[in-house]
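Reader: I should like to learn how pockets and salt bridges are read from a set of coordinates. Please begin with the terms and then turn to the case at hand.

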Amino acid sequence: MEKIAIVGATNSLGREILNIFEENNIKAENVMAVDVNSPLGTQVSYGEDVDMDVFNLEDFDFSSVKSAVFATTEEIAKHYIKRAVQKKVKVIDCSGAYALDNEVPLILSGFNSEKIKEAKNDIIALPSPEAAQIIKALSKVTESCKITRMVINAYMPASVYGKEGMDELFTQTRKIFMNEPLVDDEKVFKRQMAFNVLPQVGEFIGDETKFEWALNVEIKKILGADVKVHANCAFVPSFVGIGEFVNVECSDEVDVDEIRNIMRDTNGVIVFDKHVDCGYVSVTDVQGESDVYVSRLRQDVSVENGFSFWCVADDLRAGIAQSAYALVKEWM
């Protein structure tokens, strides 16, 4: 296998991608860990037995690799992906920097992988984890049902803002128990995140926040521009894992039992839907899991042809890292 650079290797997502690679027997000698502002001597674990050196992004020679997975912020990705492409490196963007670029295919492995051939600039992008878990859950449903509209309520964890977000949630939680003020620990979320729900994920773009707007655009880009989407995103005091209630409206009559059977036959989707106390999957149940879990499937009687469901997934592992590895195998 040709050498692959994991850019952003020391952050939460980068480490999860390295874990996925190691679990799938990608040899350490074929992987190069890269990150911004990494001083000489910085290392990151690769499985239980290997500590690999982390190269400083500013000085990294992209001609030493054939492909690169960018698990960085959008700002860093926009700056350094250009450098990588100039060195003829194939790039998988996990940052969201190119997700909405009309010149870059947005790929969910196993659903629209055929669009890889449209990567004219040697860049492909992954959908956000909040979009990916919905599309994965509906991937086989779309083969028999024409989806016309979706209403999405997404409950987002601190990991959306990486290690800084998770650290701030932890610090706030500790300080509340210690009866200490939070004034110096409201930098990432700008409000109290611990024991709270914040109806804003990302900055505002008109009436919508950035994440609501992007969720709308990403789903349209993958499922078709004629699908109407209304998204609501809120932060909840969870470290990892996204939970979403999704209402789906179709052009023709749908039967929820048929939908349930289709989802059960979908690769990477597990339906656990028992209409009894605790007969559902919660966010904490899926941390460290690679699948999307579906519960609370119901007929939506408020519309003529609708159903609704609850889906949860580990946003780092199932939402991005697993898809990044799959695309490396397909494209590289």
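Author: A term is needed before the pocket linings are discussed: Ala, Val, Leu, Ile, Met, Phe, Trp, Tyr, Cys and Pro count as nonpolar, Asp, Glu, Lys and Arg as charged, and the others, Gly among them, as polar. Please note also that this is a predicted model.

Reader: With those classes, how does the lining of the largest pocket divide?

Author: In general, rolling a probe the size of a water molecule over the atoms shows where empty space is left. Here the lining of the largest pocket holds 20 nonpolar, eleven polar and twelve charged residues. The volume of this pocket is about 1,200 Å³.

Reader: Which residues lie nearest the centre of the largest pocket, and which elements line it?

Author: Of the 43 lining residues, Thr 72, Thr 73, Ser 95, Val 160 and Tyr 161 lie nearest the centre. Two or more lining residues are given by each of the helices H1 (12-23), H2 (74-86), H3 (129-138), H4 (162-177) and H5 (210-223). The largest share, five residues, comes from H5.

Reader: What is the volume of the second largest pocket, and how is its lining composed?

Author: The second largest pocket contains about 320 Å³ of space. Its lining comprises three nonpolar, nine polar and four charged residues. Among the 16 residues of this lining, Ser 109, Gly 110, Lys 136, Asn 267 and Gly 268 lie nearest the centre. Helix H7 (residues 317-331) gives the largest share, three residues.

Reader: How many salt bridges does a search of the whole structure find?

Author: Side chains of opposite charge can pair when their charged atoms come close. The search finds ten salt bridges in this structure. One of them joins Arg 317 and Glu 16, with an N to O distance of 2.8 Å. Because Arg 317 lies in helix H7 and Glu 16 in helix H1, the pair ties together parts that are 301 residues apart in sequence. Glu 16 and Arg 317 also belong to a network of salt bridges with Glu 23.

Reader: Are Arg 317 and Glu 16 buried or exposed?

Author: Both Arg 317 and Glu 16 are buried. In another salt bridge, Asp 226 meets Lys 146 at 2.7 Å, N to O. That pair links the loop between H5 and strand S11 (228-235) with the loop between H3 and strand S8 (147-156), 80 residues apart. Asp 226 is partly exposed, with a relative accessible area of 46%, and Lys 146 is partly exposed at 42%.

Notes:
Residues are numbered from 1 along each chain as its sequence is written. This is a predicted model: local features need pLDDT of at least 70, side-chain atom pairs count only at pLDDT 80 or more; totals for chains, interfaces and linings use all residues. Side-chain values use heavy atoms; hydrogens and water are left out. On a 1 Å grid over the protein atoms alone, a cavity is a set of points where a 1.4 Å probe fits but cannot get out, and a pocket is an open set with protein on both sides within 12 Å along at least five of seven lines; lining residues have an atom within 4 Å of a point. Grid points are joined across faces, edges and corners, and a volume is the space filled by probe spheres set on the points. Helices (H or I, at least four residues) and strands (E, at least two) are DSSP runs, numbered from the N terminus. A salt bridge is a side-chain nitrogen of Lys or Arg within 4 Å of a carboxyl oxygen of Asp or Glu. Buried means under 20% relative accessible area, exposed over 50%, partly exposed in between (1.4 Å probe, protein chains only).
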